[in-house]
Amino acid sequence: MKTHLAASAIALMGTQSFAQDLSNTLPDSVASVAPALQSYAAKDLFGTVWNAETLSVRDRALVTFAAMVTRHEADQLGRFTELALDAGVTAPELSETITHLAFYTGWGNATAAAEAMAPVYAERGITADDLPGADPELLPLDEEAEAQRQNMVQDNYGSTSQGVVDYTESYLFRDLWLRPDLAPRDRSLVTVAGLIAAGQPEQMTFHLNRAMDNGLTQEEAGGMLAHLAFYAGWPRVFSAMPVAKEVFANRAE
Amino acid sequence: MKTHLAASAIALMGTQSFAQDLSNTLPDSVASVAPALQSYAAKDLFGTVWNAETLSVRDRALVTFAAMVTRHEADQLGRFTELALDAGVTAPELSETITHLAFYTGWGNATAAAEAMAPVYAERGITADDLPGADPELLPLDEEAEAQRQNMVQDNYGSTSQGVVDYTESYLFRDLWLRPDLAPRDRSLVTVAGLIAAGQPEQMTFHLNRAMDNGLTQEEAGGMLAHLAFYAGWPRVFSAMPVAKEVFANRAE
Amino acid sequence: MKTHLAASAIALMGTQSFAQDLSNTLPDSVASVAPALQSYAAKDLFGTVWNAETLSVRDRALVTFAAMVTRHEADQLGRFTELALDAGVTAPELSETITHLAFYTGWGNATAAAEAMAPVYAERGITADDLPGADPELLPLDEEAEAQRQNMVQDNYGSTSQGVVDYTESYLFRDLWLRPDLAPRDRSLVTVAGLIAAGQPEQMTFHLNRAMDNGLTQEEAGGMLAHLAFYAGWPRVFSAMPVAKEVFANRAE
């Protein structure tokens with residue numbers, strides 16, 4: 001079955017290594033304890049969902065990686081690192097993704113991801129010198145929009161936790177989001193994927209709007225929701241659907 | 001303490017292997033770093049909760065397994081696989097459970113579960129030939145009810161993500177839910193357990209009603225909530241209680 | 001970089017072993033696959049956040065440990081156990097913390113924590129004899145307040161799940177919360193940290209009020225929120241902020 005999958009996936013997705021990677025995300029144990037699950041994976045998830053035109057294969061690999069990091073599925077992250085690299089996500093982009101998700105889904109997730117990624121990077125000869133450093137030249141900041149955001153948060157939460165307000169400004173919006181080695185659109189993509197995977201639709205309105213401001217299309221957002229139904233589970237996506245619907249509606253006005 | 005537990009559990013639950021399995025879900029490290037926790041487990045959780053008459057031991061084992069899969073507690077799933085098999089959950093039912101939870105709690109959870117289950121199945125001589133295949137004869141579908149559900153979702157979310165709407169119909173309601181090797185009542189049971197364990201009470205109304213339509217009694221549902229307080233944590237259950245209360249009230253009218 | 005961190009941390013935090021422990025929570029793989037993340041950790045998280053005066057280093061270590069247990073980050077818990085012990089959390093307190101979190105975040109979390117803690121305890125010569133037993137002399141109970149709580153829950157949920165109501169009274173409020181080896185203020189602290197880390201702001205009002213009744217100051221609560229932004233992720237904290245804000249406002253009236 002895996003050979004068959006590889007063949008069809010090559011035709012649709014272009015590279016043999018990617019097709020093999022996708023197949024590798026399903027360990028042999030699945031076929032031995034749940035043959036039906038193996039079949040759903042090969043035929044429907046790999047054969048149909050990954051090929052749907054709504055979202056590029058590269059974006060699917062990035063979104064899947066972000067969801068797995070968020071869910072702390074460290075045991076499987078090595079295989080999804082291979083997959084992402086072969087799907088066209090660059091090593092610097094993956095590196096920035098876990099740095100970003102450290103802030104957005106918790107430090108321990110990024111640490112576990114680093115442990116899983118290190119052997120893959122080592123095998124491919126990717127070293128720290130190839131990766132973004134601590135102090136790159138930052139992207140330009142829309143000072144006015146940032147001042148507005150900061151004032152709102154300060155007014156709202158300054159007396160609740162000044163630390164949260166201060167760290168949000170200095171570490172996130174005047175630093176992390178301006179790092180150049182992950183495009184703002186991709187930074188938003190992994191943030192929204194993380195929010196869906198973590199079950200936090202209540203935080204999604206701001207970030208889905210930001211994603212679309214940063215270039216994510218509505219079709220891509222819809223494709224991401226369908227893709228994540230598999231990797232984060234149907235209920236996570238159904239809780240995110242009303243938020244997406246409302247964001248789309250408000251932007252169409 | 002473990003020997004004592006085994007003795008009392010045998011009297012109440014019938015088989016020595018089950019009592020031993022239950023004891024095995026608590027590794028020796030618990031007694032060495034938290035003796036009080038060991039005592040709570042032996043006396044209260046194993047000795048009292050597992051024996052409460054509200055829910056059968058077989059159902060408790062299935063519900064616990066579903067909660068552990070949902071929470072990605074892969075390190076402990078081998079022991080809970082043994083427990084479920086010895087409590088009367090069949091290997092085909094467990095196989096269907098992880099296939100079902102792949103869709104309802106994320107593919108990576110099912111993959112991790114397969115890895116944990118494979119050694120147990122191998123030791124017991126259970127092979128893929130003993131397990132449900134990809135294309136069984138499906139249970140009959142209530143076409144009218146399904147058309148109604150599908151129309152509602154299409155109207156509501158078709159323009160948000162047609163992919164989600166289409167996959168929900170073709171993979172879930174016209175396929176997965178109709179697979180015969182896990183009874184609809186048990187399929188609902190593991191779905192609701194997964195929703196409680198994942199902290200998604202907002203998705204529970206539909207599935208708890210479906211579970212009760214499929215034969216789950218109110219007493220069993222209440223028993224499941226009390227059981228999951230231990231395995232998913234008290235706050236998850238207290239967030240689910242108002243939903244259960246409302247479902248029970250609406251059905252009583 | 002680690003050496004530099006150790007030096008500055010020693011100056012601020014007093015002990016070399018603690019500074020080394022903090023540095024150890026970041027495995028070498030982080031520097032090799034995400035140098036920027038290593039820098040954020042050393043400079044901002046360890047160098048600034050851990051030193052902020054809003055919350056003591058001891059409390060930060062306890063809160064971080066509780067968050068990691070709640071998130072089932074078992075792979076990293078050994079290092080955070082070392083950190084907590086060197087920051088002044090006692091072995092009995094850590095033991096009580098996982099017992100408490102078994103009830104508040106799920107049995108499997110505590111089991112995984114025990115597995116991670118056991119080697120650390122063994123190496124330090126901490127045995128079961130040094131730890132709280134199953135039946136200590138309990139702290140006095142405010143019978144009137146407990147009767148009021150119990151009556152409210154009985155009225156509200158007795159017909160939903162009598163098991164939940166009964167277990168809550170007998171195991172939690174007439175037993176667990178009265179165990180003397182973790183101060184009520186600390187028990188509340190780890191409960192609230194667990195709720196934030198698990199993404200359950202809807203259960204936080206009761207427990208944050210209880211924490212403050214038990215002696216947690218508003219400044220400490222705000223400091224915990226800022227600290228957990230890193231360990232549970234920004235969105236978890238932003239979902240908790242409105243609840244904290246409202247609790248603070250209501251108590252100020």
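**The A–B interface and the largest cavity**

Q: How much area do chain A and chain B bury between them?
A: In this predicted model, chain A and chain B bury about 3700 Å² between them, with 64% of it on carbon and sulfur atoms.

Q: Which residues in chain A lose the most area to chain B?
A: They are A:Val33, A:Tyr40 and A:Trp234, which together account for 20% of what that side buries.

Q: And how many residues does the contact take from each chain?
A: The contact takes 47 residues from chain A and 47 residues from chain B.

Q: What about salt bridges and polar contacts across it?
A: The rule finds zero salt bridges across the interface of chain A and chain B. The count of residue pairs in polar contact between these chains, both at pLDDT 80 or more, is 18.

Q: Which elements of chain A give two or more residues to that side?
A: These are α3 (28-33), α4 (35-46), α6 (74-86), α13 (218-232) and α14 (234-252) of chain A. The largest share, 11 residues, comes from α14(A).

Q: How do the residues on that side divide?
A: The side of chain A that touches chain B has 29 nonpolar, 11 polar and seven charged residues.

Q: Turning to cavities, how many of 30 Å³ or more does the structure hold?
A: The structure holds seven such cavities, and about 50 Å³ of space lies in the largest cavity.

Q: What lines the largest one?
A: Its lining includes B:Phe46, B:Met68 and B:Tyr231 from chain B, and C:Trp107 and C:Thr111 from chain C. The largest share of the lining, three residues, comes from α8(C).

Q: Nonpolar, polar or charged?
A: The lining of the largest cavity has six nonpolar, four polar and no charged residues.

Methods. Residues are numbered from 1 along each chain as its sequence is written. Chains are lettered from A and ligands numbered from 1 in the order in which they are written. This is a predicted model: local features need pLDDT of at least 70, side-chain atom pairs count only at pLDDT 80 or more; totals for chains, interfaces and linings use all residues. Side-chain values use heavy atoms; hydrogens and water are left out. On a 1 Å grid over the protein atoms alone, a cavity is a set of points where a 1.4 Å probe fits but cannot get out, and a pocket is an open set with protein on both sides within 12 Å along at least five of seven lines; lining residues have an atom within 4 Å of a point. Grid points are joined across faces, edges and corners, and a volume is the space filled by probe spheres set on the points. Helices (H or I, at least four residues) and strands (E, at least two) are DSSP runs, numbered from the N terminus. Ala, Val, Leu, Ile, Met, Phe, Trp, Tyr, Cys and Pro count as nonpolar, Asp, Glu, Lys and Arg as charged, and the others, Gly among them, as polar. Contact means heavy atoms within 4.5 Å. Buried area is the accessible area (1.4 Å probe) that two parts lose on being put together, summed over both. A salt bridge is a side-chain nitrogen of Lys or Arg within 4 Å of a carboxyl oxygen of Asp or Glu. A polar contact is a pair of N or O atoms within 3.5 Å; within protein, one must be able to donate a hydrogen and the other to accept it, and residues adjacent in sequence count only if both atoms are side-chain atoms.
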